[in-house]
Amino acid sequence: MNKLDLVENRLKSLIQKSALFFPWADKNVEIMSLLIDSIQTNIIQNPSSRNTPHAFSVKMNLTNARAWQSNPSWVLDLNEAYIAVLKEYGIKQDYSPVFTLVIKNSLGDNEVLIQAEQIDSSKNQTNSVKTYHKKENVCSQACPILLFGEEKEIRINTSVVTIGRRNTNDIVIDDMRISRVHAQIRRVSDGYMIFDAGSTGGTFVNSTRITQQFLKTGDVISLGGYRFIFLQDNPRRSTTPQKRDLSTEEY
């Protein structure tokens with residue numbers, strides 16, 4: 001039996017054990033098969049793409065999407081399955097994949113499509129991020145910052161900072177992997193907290209998916225493939241916000 005046959009047999013074993021990855025899904029075996037097919041077609045058979053980030057669109061009708069969204073572990077389960085498949089091929093990736101639910105009402109009940117999309121790692125994601133500062137309510141003391149990209153600083157000057165794709169957010173990320181209103185950072189009595197706003201792709205702090213989390217300096221916030229480092233010298237300072245446009249700045 002050659003190496004490829006051994007890999008195929010191990011993948012079949014993964015499919016059979018797919019309930020370990022998707023215990024909440026009615027069709028976990030089919031989902032695992034779809035994920036494996038997408039990884040094989042778009043990543044394994046394309047060596048040039050193996051060392052770059054990847055995104056997957058998980059397409060289904062609205063009813064099924066709502067059922068998936070009621071199980072917040074779905075992103076983590078898909079991520080674990082993704083890593084398991086690459087491991088069978090002896091491939092180690094430094095990037096976590098991005099999984100996004102896409103509504104496609106032409107699909108039938110419990111019908112799922114998984115499509116891999118390679119993220120262009122050479123693209124400067126900073127150009128997709130805009131922030132808006134209100135000129136009033138500037139901090140009287142040094143404010144916490146979000147460090148993004150090549151040391152680009154986004155200062156948190158308000159008591160509430162919203163992050164999302166909609167242009168009314170304080171931090172706008174023009175990317176379909178980001179929900180219209182994805183997350184919110186709020187000043188509380190003893191520091192700052194981040195809240196997921198019911199996003200599709202989830203909000204992660206230090207690689208752990210959260211619904212809400214107290215932030216401490218050095219925490220890495222991830223959403224839709226974008227990473228921000230929260231930095232704060234004094235966790236008990238009093239601050240108020242701001243609104244600003246990164247896309248018009250020089251990098």
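Among contacts in the protein between residues at least 6 apart in sequence, what share join residues at least 24 apart? The share is 61%, and this is a figure to keep in mind while moving through the model, which is a predicted one.

**The whole chain**

Begin with the whole protein selected and shown as a cartoon, where the secondary structure comes to four helices and 15 strands. If you then switch to a surface view, the protein exposes about 13,100 Å², and carbon and sulfur atoms supply 46% of that area. Of the 251 residues, 49% count as buried.

**The six-stranded sheet**

Next, select the strands β6, β5, β15, β14, β11 and β12, which lie in that order in an open sheet with antiparallel pairing. At the edges stand β6 (152–155) and β12, each with a single partner strand, so one side of each is left without a neighbour in the sheet. Looking across the sheet, you can follow a twist that averages 35° from one strand to the next. As general background, strands of a sheet pair through backbone hydrogen bonds, and the pairing may be either parallel or antiparallel.

Stay with β11 and β12, which run antiparallel and are joined by three bridges. Select Thr-203 and look for its bridge partner in β12, which is Ile-210. In the loop between β11 (203–205) and β12 (208–210) you will come to Ser-207. The phi of Ser-207 is near 70°, a positive value in a residue other than glycine, and Ser-207 is exposed, with a relative accessible area of 64%.

**Strands β7, β9 and β10**

Now select residues 160–164, which form strand β7, together with residues 183–188, which form strand β9; the two run antiparallel and four bridges join them. Within this pair, Ile-163 stands opposite Ala-183 in β9. Keep β9 selected and add residues 191–196, which are strand β10, since here six bridges join two strands that again run antiparallel. How many residues lie between β9 and β10 in the hairpin they form? There are two residues between them. To see one facing pair in this hairpin, select Arg-187, which stands opposite Tyr-192 in β10.

**A second positive phi**

Move to the loop between β2 (98–103) and β3 (113–118), where Asn-110 is found. Asn-110 has a positive phi of about 65° although it is not a glycine. Is this residue exposed, partly exposed or buried? Asn-110 is partly exposed, with a relative accessible area of 28%.

**Charged side chains**

For the next stop, show the side chains as sticks. Side chains of opposite charge can pair when their charged atoms come close. In this protein the count comes to five salt bridges, and three of them are visited here, among them the bridge between Glu-88 and Arg-10, whose closest N and O atoms are 2.4 Å apart. Glu-88 lies in helix α4 (residues 74–88) and Arg-10 in helix α1 (residues 3–16), so the pair ties together parts that are 78 residues apart in sequence. Glu-88 is buried, with a relative accessible area of 18%, whereas Arg-10 is partly exposed at 35%.

Select Lys-27 and Glu-30 next, which form a salt bridge with their closest N and O atoms 3.6 Å apart. Lys-27 counts as partly exposed, at 37% relative accessibility, and Glu-30 is partly exposed as well, with a relative accessible area of 33%.

The third bridge on this tour joins Lys-216 to Asp-219, the closest N and O atoms being 3.2 Å apart. Asp-219 is buried, with a relative accessible area of 2%.

**A buried charge without a salt bridge**

Finally, return to helix α4 and select Asp-77, which has its place there. Which side chain of opposite charge is nearest to Asp-77, and how far away is it? The nearest is that of Arg-209, 9.1 Å away, and Asp-77, although buried, has no salt bridge. A salt bridge requires the nitrogen and oxygen atoms to be within 4 Å. To see what surrounds Asp-77, leave aside its neighbours within four places in sequence and display Phe-21, Phe-22, Pro-23 and Trp-24, with which Asp-77 is in contact.

Terms used. Residues numbered from 1 in each chain as written. Predicted model: local features only at pLDDT ≥ 70, side-chain atom pairs only at ≥ 80, totals over all residues. Heavy atoms only, no water. Buried < 20%, exposed > 50% of the residue type's maximum accessible area, 1.4 Å probe, protein only. Contact = heavy atoms within 4.5 Å. Areas by Shrake-Rupley, 256 points an atom, 1.4 Å probe, with all protein chains shown as cover. Pairing = 2+ DSSP bridges. Axes fitted to C-alpha atoms, helices over the stretch in contact; angles between N-to-C directions. Lys, Arg positive; Asp, Glu negative; His and termini not counted.
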